Each structure stands twice: as structure tokens, then as C-alpha cells.
Amino acid sequence: MNLQAKIKRDIESHALMACHDLQGELASIDFKALSRYDDDDSEPAYTVENGVATIDVRGLLVPETGGDYRSWGVTGYANLADYIQQANDDYTVTSIVLDIDSGGGYVAGLDGITETIYQSAKPIESFVSGDAYSAAYWLAASTIKITATKQSGLASIGVYVIHSEESKWLEERGEKLSIFRSGKWKAAFNWFMPLTADEKTRLQQGVDESANIFFNHVSAQRNVDAKTVASWEGDVFTATKAKELGLIDEIADSVSTSNQAKQSNNNPEEYDLNELEKAQAKIAELEKSEAQAKQEAVDAKAVALAAQNKLAESQASTRQAAIDKLAADTGRTFTDEQTNAFKAMDEAQFATSVALATPVTPKAPDLPGGLDKAQATNGREGGESKILAAVEAAKAQGVK
């Protein structure tokens, strides 16, 4: 059976897929050219530069292929495991890089290739030169380090199955198929009848089980909470966002940039383990200082907030006392609305309101300069006395 037919059969058999865009991956493969491809065993499985073996991971990821189809857009997990073993057996190789550009593929076979990565005697890291979605990210997360270009897309962490049901098409053609079976699981999930509730439940259970394995794998490898991974619901991220989320370690332009530090230490005799201990101690010191600074900032904010609240309470009490005094001075009773309006005023506004509400006591005009009261009223009071005397005299004479 050729590769195209096998993939078609697997999809129709509800093979679990961890692929961002399965139809897009299939459309990019020239299966006709593949069928004429004559595998050349002399073609290298990887390239080596400065002791670093770079193994390309390209296109749709499948359990295995009959040859090296990576240049055609298909990578087999079993083939990839062979290449990693070859690099481990190669004395010129000191470390391995998986150069990934893939939208993912099958779930089947992932456990085998991840185990091969774990068992590698030589360190393996990933460089995402294109995209690393779904099963491709599963692979990348299995390595000790992930570096991606700024243009890379990553994640799509999740699993699905495809079910094709063509009963409507048969009905339109005037055909109807019936099935007689010994049990509900015999010939289940067929293409010519709608799925039953039990069949839907069974498919979803399989998806959920594999998805949880995926979530926990990423959680363990990247130190990200599994519930957080699940909450992304298969979303995809740019390299910048992926780094922020902890899904990758670095953003670089090439494999050589990613491996610059490693290549400078290809000779174990040149590597001082004390440097690692010093670096780890420095990181711990910086993390402790950062945590202490954050706590001090939190404490300072708490003190400031308490002082602010105390000041607000004092100001509110003072304002209430002033409002009560204004009510007493004016003999007025203020409504809640008026009281709240007074409380909302700033000092200048409240002082103006108090001045407008307080009654003004009439004041006698000021006397001209140099005169006292007696001088000012002498003439008026003397005239009044003469008039009163004349009135009294007239009364005595009987004048009315």
C-alpha cells in the first residue's frame, strides 16, 4: 500500500491526529512524485558542522515511511529515530539539533520517538526554522531546549479525529444501506450511517485521553501548568508570545546562532562545571533580590494606602463637623443630597458655600473723620429738645 492510500485509510479509521492543518499538509505533498521516488541510501540523514548534527524534520509527521521523504514534505517517526541513533553512533557528533518546520501529524508513533530523544547519549535541542505545530511541538518539547525564529508559529497543542459520514449523499443518490450486527460496536463508526451517541462519546473519550497526555507532556517539559496548557484550547502563537508563555527558550535567526555557546564548548576539557554552578547561584541571587524588591514595593503600597485612608477619614470627619456648624449657625436642616454635595466640594468651594449661607449683620455707616457721636448728634438732639419744650408749653395754656 502506498503512502497516500495508507494515510487515507488511517484518517477514515479515525486515527488520532495532532496536526494544525491536516488538509493543508496533505495538499502540499506531491504523492505522484513520491511514488516514483527511488530512495538513495547514500543521501546523508543529517549534516554535521562543528560537531553539531542537524536533522531536518519536515512536513506531515507519520509513524514511518518507506524511505527518506523529508524533502517531499513527509517525515516518519521511525526514520527520525534511526537518524538520531546514527548521530549518536557518529564519533564526529557531540550534540544534535532537530531543525523543525512542520504542522504536525499522527499521534501514533510519538511515544517511540520521544523515548528515543530521552535515551539519546548526546544532548538534543530543537530549532524551529519554520513552524512547530501540534505533534511537531510535541517533538520539540521533548528536547532540552527550543529556539525559534521570530517568524515561527508554535503550539496548536491538542488532538482530534476526523469522521466522514455520507448518508446524506447516499440518500440523494437513492441508496440506503442497512447493517445487521451482533453488537453495537460491530461495524461502529461507519461512513454510511450517522454516529450514535455512544459512538460520539467513545471518539471524544479517545481524543480527551490523548490530549491530556499532550498537556501533561508540555507541562512537565516546559514547567507550565497543565490546566493553563489546556485553557489555550489548541491556539497558535508567534515566537514572541510563545517565549512569553514559556513554550520556547530563545528567539534566534539560525541554527548556528542557537548553538553558538554549545559549539564553543565542544571539547569537554574546556568546560568548567563551576561556571554552571556560579551561573545558577547568580540566577538564584537575582531571583531572591527581585522577590524582595517586589515584597518591599507591596509593603510600601500598603502603608501608603493606609495613610491615604486615614487622611480621608480625618478630612471627612472635619467636613462633617463644619457642615453641622453651618446648620447650627443658619438654623437650617440640610437634606442628604445637600450634605453629600457639601462633602464632595473642595476646600475653596465649601468656604464659598458657607459664606453665601451665613446671614450678614447690618452695620452702621462709619462717622466722618474727627467726629465723635456726641458731636455728630448735637444739633439733632438740641432741636428735638426745643420742639418738645414748645409742645409742653402749649399744652399748659390749653392749646390742643
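**Exercise 1. Finding the neighbours of strand E5**

Work out which strands pair with E5, and in which sense each pair runs.

*Solution.* Start with strand E1, residues 17–19: E1 and E5 run antiparallel and are joined by 3 bridges. Bear in mind as you go that this is a predicted model. To pin the E1 pairing to actual residues, look at Ala 18, whose bridge partner in E5 is Gly 105.

Next, take strand E3, which covers residues 52–62 and runs parallel to E5, with 9 bridges between them. Two spots to check here are Ala 53, which stands opposite Ile 96 in E5, and Thr 54, whose bridge partner in E5 is Val 97.

Then go to strand E6, residues 124–133. E6 pairs with E5 in the parallel sense, over 6 bridges. For a residue pair to click on, try Asp 99, which stands opposite Phe 127 in E6.

So you've got E1 antiparallel to E5, E3 parallel to E5 and E6 parallel to E5.

**Exercise 2. Is E5 enclosed or open?**

Decide how far strand E5 is enclosed by the rest of the structure, using its buried residues.

*Solution.* First, recall the cut-off: a residue is buried if its relative accessible area is under 20%. Now apply that to E5, residues 95–106: 11 of its 12 residues are buried, so the strand is largely enclosed by the rest of the structure.

Finally, follow the chain onwards from E5. Together with helix H5 (residues 110–119) and E6, E5 makes a β-α-β unit, and that unit is right-handed.

**Exercise 3. The company E3 keeps**

Describe how E3 pairs with E2 and with E4, and say how enclosed E3 is.

*Solution.* Begin with strand E2, residues 47–49. It runs antiparallel to E3, and 3 bridges hold the pairing. One place to see this is Thr 47, which stands opposite Thr 54 in E3. Thr 54 is handy, since on the E5 side Val 97 is its bridge partner.

Now for strand E4, residues 74–76: this one pairs with E3 in the parallel sense, again with a count of 3 bridges. Look for Val 62, opposite Gly 76 in E4.

Last step: of the 11 residues in E3, 9 are buried, so E3 too is largely enclosed by the rest of the structure.

**Exercise 4. Two asparagines with positive phi**

Asn 50 and Asn 223 each have a positive phi. Find where each one sits and classify its exposure.

*Solution.* Take Asn 50 to begin with. You'll find it in the loop between E2 and E3. Those two strands form a hairpin with 2 residues between them, and Asn 50 is in the turn. Its phi is near 55°, a positive value in a residue other than glycine. Its relative accessibility is 48%, so it counts as partly exposed.

Move on to Asn 223, in the loop between helix H8 (197–222) and helix H9 (226–231). Its phi is also near 55°. To classify it, use the cut-off of over 50% for exposed. Asn 223 has a relative accessible area of 74%, so it is exposed.

**Exercise 5. Two buried helix residues**

Say what Asn 88 touches through its side chain, and how far Leu 22 is from Gly 104 in space.

*Solution.* Asn 88 belongs to helix H4, residues 77–89. With 15% relative accessibility, it counts as buried. Its side chain makes a polar contact of 3.1 Å with the side chain of Ser 120.

Leu 22 belongs to helix H2, residues 22–27. It is buried, at a relative accessible area of 3%. Along the sequence, Leu 22 and Gly 104 are 82 residues apart, but C-alpha to C-alpha they are 8.1 Å apart in space.

**Exercise 6. Around the second largest pocket**

Describe the lining of the second largest pocket: its residues, their kinds and the elements they come from.

*Solution.* Volume comes before lining: the pocket has about 250 Å³. It is lined by 13 residues, and nearest its centre lie Met 1, Asn 2, Leu 3, Gln 4 and Tyr 69. Helix H1 (3–12) and helix H3 (31–35) are the elements giving two or more residues to this lining. H3 has the largest share, with 4 residues.

To finish, sort the lining by kind: 5 residues are nonpolar, 5 polar and 3 charged.

Definitions and conventions
Residues are numbered from 1 along each chain as its sequence is written. This is a predicted model: local features need pLDDT of at least 70, side-chain atom pairs count only at pLDDT 80 or more; totals for chains, interfaces and linings use all residues. Side-chain values use heavy atoms; hydrogens and water are left out. On a 1 Å grid over the protein atoms alone, a cavity is a set of points where a 1.4 Å probe fits but cannot get out, and a pocket is an open set with protein on both sides within 12 Å along at least five of seven lines; lining residues have an atom within 4 Å of a point. Grid points are joined across faces, edges and corners, and a volume is the space filled by probe spheres set on the points. Ala, Val, Leu, Ile, Met, Phe, Trp, Tyr, Cys and Pro count as nonpolar, Asp, Glu, Lys and Arg as charged, and the others, Gly among them, as polar. Buried means under 20% relative accessible area, exposed over 50%, partly exposed in between (1.4 Å probe, protein chains only). Two strands pair if DSSP finds at least two bridges between them. A crossover is right-handed if, with the strands pointing away from the viewer, the path from the first strand over the helix to the second runs clockwise. A polar contact is a pair of N or O atoms within 3.5 Å; within protein, one must be able to donate a hydrogen and the other to accept it, and residues adjacent in sequence count only if both atoms are side-chain atoms.
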